[in-house]
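User: I'm new to this structure and would like a close look at one part of it. Could you take the cysteines as the starting point and walk me outward from there?

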Amino acid sequence: ERLNSAEGLAKYLAAKYPGMKRFGIDGSESLVPLVDAVIQNCGALGANQICFGMAHRGRLNLLVNVLGKLPKDLFSAFDETDVLEGANTGDVKYHLGFSSLFTTKSGKKVNLKLSPNPSHLEAVDPVVEGFARAKADTVYNSDYDKILPILIHGDAAVAGQGVVYEVLQMSKLDGYYTGGTIHYVINNQIGFTTDFDDARSSDYCTSIARTVDAPIIQVNGDDIEAVVFASELAAQYRQQFNKDIFIDMVCYRKHGHNESDDPKYTQPDLYQRIAKHSNPRDIYSKKLQERGEIEAEVARKLDKEFWDDLQARLDQVKENKIEYAKQEVEKAWDKT
């Protein structure tokens, strides 16, 4: 279901807004079930709040399919018909933040917060850590199990931007400790137009994790069951040991850096292979059919139902807002 919604929204946006930048999730659709799995598990393991920091890649998909942003509001941003309360009108839809109250399968409510971030991809990292530390101290009486910071990196950015190392280097200091961070790396093996072997001296984009002895789980983004297992394991490790842990999800980027450029000019061989490669949803659907756990018609029905639902939401004039209750510190900030 999560893979289907991730791939479905990506296809829908491509069809309805073909000329607009989306920084799509295409090729890394497994990010959606990856994040959903950690929310479900951290809720079961006692976390009341998760704060996220991430750059553009897959952000719009995560907003709708995990955090609960209304598709209508996303479509309004594409149509530029919305008025964003308190927002800089010069900002763009893949920079903005979002807050929601997520209900897990077990019925537990988890407060989710995606911080806004600028184009400097990793600039949001210390903001998220500071937010988590402040909330831990003021709301949760310094019980770090109650709040979890998650940083979602790109492979080129996690290896190339100094702020990542600075945040890691300070992560164990008393004044900056947040009880451990889960780091997800969308490793699409390319940075803008630069191949990974021209982008770094280290063997892996996550080699920087060794500076704080953080475990690194490398997982194939096409193997959705392995991805979900890795996410569940990372959640349990963080809650048990209160230390940083990395998941390096090796995947690919189906289109260019954004949808307005053609990657075949700079990586012709790579993108010939990518063009022939099935997406994670189709790979998993075929796997389930071969195991006799789902029929092809069921998979097609799920795809059509999701598409029809998005179309109905695009046409819909009025929807109920997502539930969100502000905490006392946020109410105090509003009064200033």
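Analyst: Let's start with the sulfur of C42: the closest cysteine sulfur belongs to C51 and sits 11 Å away, which is too far for a bond. Keep in mind that this is a predicted model, so the distances here are computed ones. A disulfide needs two cysteine sulfur atoms within 2.5 Å. C251 tells a similar story, as its closest cysteine sulfur is in C205, 9.8 Å off, and that is again too far for a bond. The overall count of disulfides is zero.

Both of these cysteines are tucked away. C42 has a relative accessible area of 0%, so it is buried, and C251 is buried too, at 5%.

What about the surroundings of C42? Helix 2 runs over residues 31–44, and 13 of its 14 residues are buried, so the rest of the structure largely encloses this helix. Its length works out as well: at 1.5 Å a residue you'd expect a span of 20 Å, and the C-alpha atoms at its two ends are indeed 20 Å apart. Just past helix 2 comes G46, whose phi is positive, at about 105°.

Now for the charged side chains. In general, side chains of opposite charge can pair when their charged atoms come close. Across the whole structure, a search turns up seven salt bridges. One of them joins R133 to D137, with N and O 2.9 Å apart. These two residues share helix 5 (residues 124–138) and are four residues apart, about one turn of the helix. That spacing suits a helix: with 3.6 residues a turn, residues three or four places apart point the same way. The two partners differ in how open they are: R133 has 18% relative accessibility and so counts as buried, while D137, at 34%, is partly exposed.

Another salt bridge brings together K287 and E225, at 3.9 Å from N to O. This pair ties distant parts of the chain to each other, since K287 is in helix 10 (residues 280–290) and E225 is in helix 8 (residues 224–241), 62 residues apart. Both ends are partly exposed: K287 has a relative accessible area of 31%, and E225 comes in at 33%.

R291 also has a partner, E293, with their closest N and O atoms 2.9 Å apart. Here R291 is partly exposed at 39%, whereas E293 is exposed, with 53%. Put these pieces together and you get a network of salt bridges that links E225, K287, R291 and E293.

Finally, the sheet. As a general point, strands of a sheet pair through backbone hydrogen bonds, either parallel or antiparallel. In this structure, seven strands make an open sheet with mixed pairing, in the order 2-3-1-4-5-9-8. The edges are taken by strand 2 (98–103) and strand 8 (216–220); each has a single partner strand, so one side of each has no neighbour in the sheet. On average, neighbouring strands of this sheet are turned by 20° against each other, direction ignored. At the strand 2 edge, the partner is strand 3 (residues 109–114), and the two pair in the antiparallel sense over six bridges. If you want a spot to look for in that pairing, T103 stands opposite K109 in strand 3.

Conventions. Residues numbered from 1 in each chain as written. Predicted model: local features only at pLDDT ≥ 70, side-chain atom pairs only at ≥ 80, totals over all residues. Heavy atoms only, no water. Expected span 1.5 Å × (residues − 1). Buried < 20%, exposed > 50% of the residue type's maximum accessible area, 1.4 Å probe, protein only. Salt bridge = Lys/Arg side-chain N within 4 Å of Asp/Glu carboxyl O. Pairing = 2+ DSSP bridges. Axes fitted to C-alpha atoms, helices over the stretch in contact; angles between N-to-C directions.
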